[in-house]
Amino acid sequence: MNRALPDSELDAFVDALARRIASFDRRAIAAAKNLVNQVSLPSADRLLDAMNSFQAALTWPETQQRVKALFERGLRQDGDFEKGWPAVLGNLLDESQPA
């Protein structure tokens, strides 16, 4: 399922979807989850490799510079920047952006 909903409709939609799924036979749900996991869940080794790669990327100077700029602009603080930071991530370090 793929759709966009207004924020005012999201809670009711998710609640109805969860109730519908919960009404299905437990064995059928378990079998469906198992099939999805077989084709999409990475092995423990691959997951560990991904975590290690991510941690290594956090040590790169470019990453540290971008993270510093995010915190300077208001990341993890109440306000508009906290809600919309993904939209500016790509050009966060451009000189044309206000500091």
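Start by selecting Leu75, in the loop between α4 (61-73) and α5. The model on screen is a predicted one. Is Leu75 buried or exposed? Leu75 counts as buried, because its relative accessibility is 13% and the cut-off for buried is under 20%.

Keep Leu75 selected and show its contacts. Setting aside neighbours within four places in sequence, Leu75 is in contact with Leu70, Phe81, Glu82 and Trp85. Show those four side chains as sticks. Next, add Ala57 and draw a distance between the two C-alpha atoms. Leu75 and Ala57 are 18 residues apart along the chain. Their C-alpha atoms are separated by 19 Å.

Move on to Leu89. Look for Leu89 in the segment after α5. Which residues does Leu89 touch, not counting those up to four places away in sequence? The answer is Arg66 and Leu70. Leu70 is also on the contact list of Leu75, so keep Leu70 on display while you compare the two selections. Leu89 has a relative accessible area of 29%, so Leu89 is classed as partly exposed. Now pick Ala50 as a second point. Leu89 and Ala50 lie 39 residues apart in sequence. In space, C-alpha to C-alpha, the gap is 21 Å.

Stay in the segment after α5 and select Asp94. Asp94 counts as partly exposed, because its relative accessibility is 38%. Add Ala44 to the selection. Asp94 and Ala44 are 50 residues apart along the chain, and their C-alpha atoms are separated by 38 Å.

Swing back towards the N terminus and select Leu10. Leu10 sits in helix α1 (residues 7-22). How does Leu10 count at 38% relative accessibility? Leu10 is partly exposed. Pair Leu10 with Ala32 for another distance. The two are 22 residues apart in sequence and 24 Å apart in space, C-alpha to C-alpha.

Now clear the selections and switch to a cartoon of the whole chain. The protein has five helices and zero strands. From the N terminus on, the order is α-α-α-α-α. Why is the protein described as more spread out than a compact globule? The radius of gyration is 20 Å, well over the 13 Å that the globule rule gives for 99 residues, so the protein is more spread out than a compact globule. Draw a box along the principal axes. The C-alpha atoms fill roughly 55 × 40 × 20 Å.

Turn on the surface. About 8800 Å² of the protein is exposed, and carbon and sulfur atoms supply 55% of that area. How many of the 99 residues count as buried? The share is 8%. Leu75, your opening selection, counts as buried at 13% relative accessibility.

Return to contacts, this time for the whole chain. Take the contacts with a separation of 6 or more. Residues 24 or more positions apart account for 24% of them.

Colour by charge next. The protein carries 12 positive and 14 negative charges. The mean positions of the two sets are 9 Å apart.

Finish by colouring on confidence. The mean pLDDT of the protein is 84. Of its residues, 93% reach 70 or more. Where is confidence lowest, and where is it highest? Select helix α5 (residues 80-88) for the lowest, at a mean of 74. Select helix α3 (residues 44-57) for the highest, at 93. Keep the α5 value in mind when you go back to the loop that holds Leu75, between α4 and α5.

Notes. Residues are numbered from 1 along each chain as its sequence is written. This is a predicted model: local features need pLDDT of at least 70, side-chain atom pairs count only at pLDDT 80 or more; totals for chains, interfaces and linings use all residues. Side-chain values use heavy atoms; hydrogens and water are left out. Helices (H or I, at least four residues) and strands (E, at least two) are DSSP runs, numbered from the N terminus. The radius of gyration is taken over C-alpha atoms; the globule rule is 2.2 Å times the number of residues to the power 0.38. Buried means under 20% relative accessible area, exposed over 50%, partly exposed in between (1.4 Å probe, protein chains only). Contact means heavy atoms within 4.5 Å. Accessible areas come from the Shrake-Rupley method with a 1.4 Å probe; for residues, only the protein chains shown count as cover. Lys and Arg count as positive and Asp and Glu as negative; His and the chain ends are not counted. The place of a charge is taken as NZ of Lys, CZ of Arg, CG of Asp or CD of Glu. pLDDT is the predictor's confidence in each residue, from 0 to 100.
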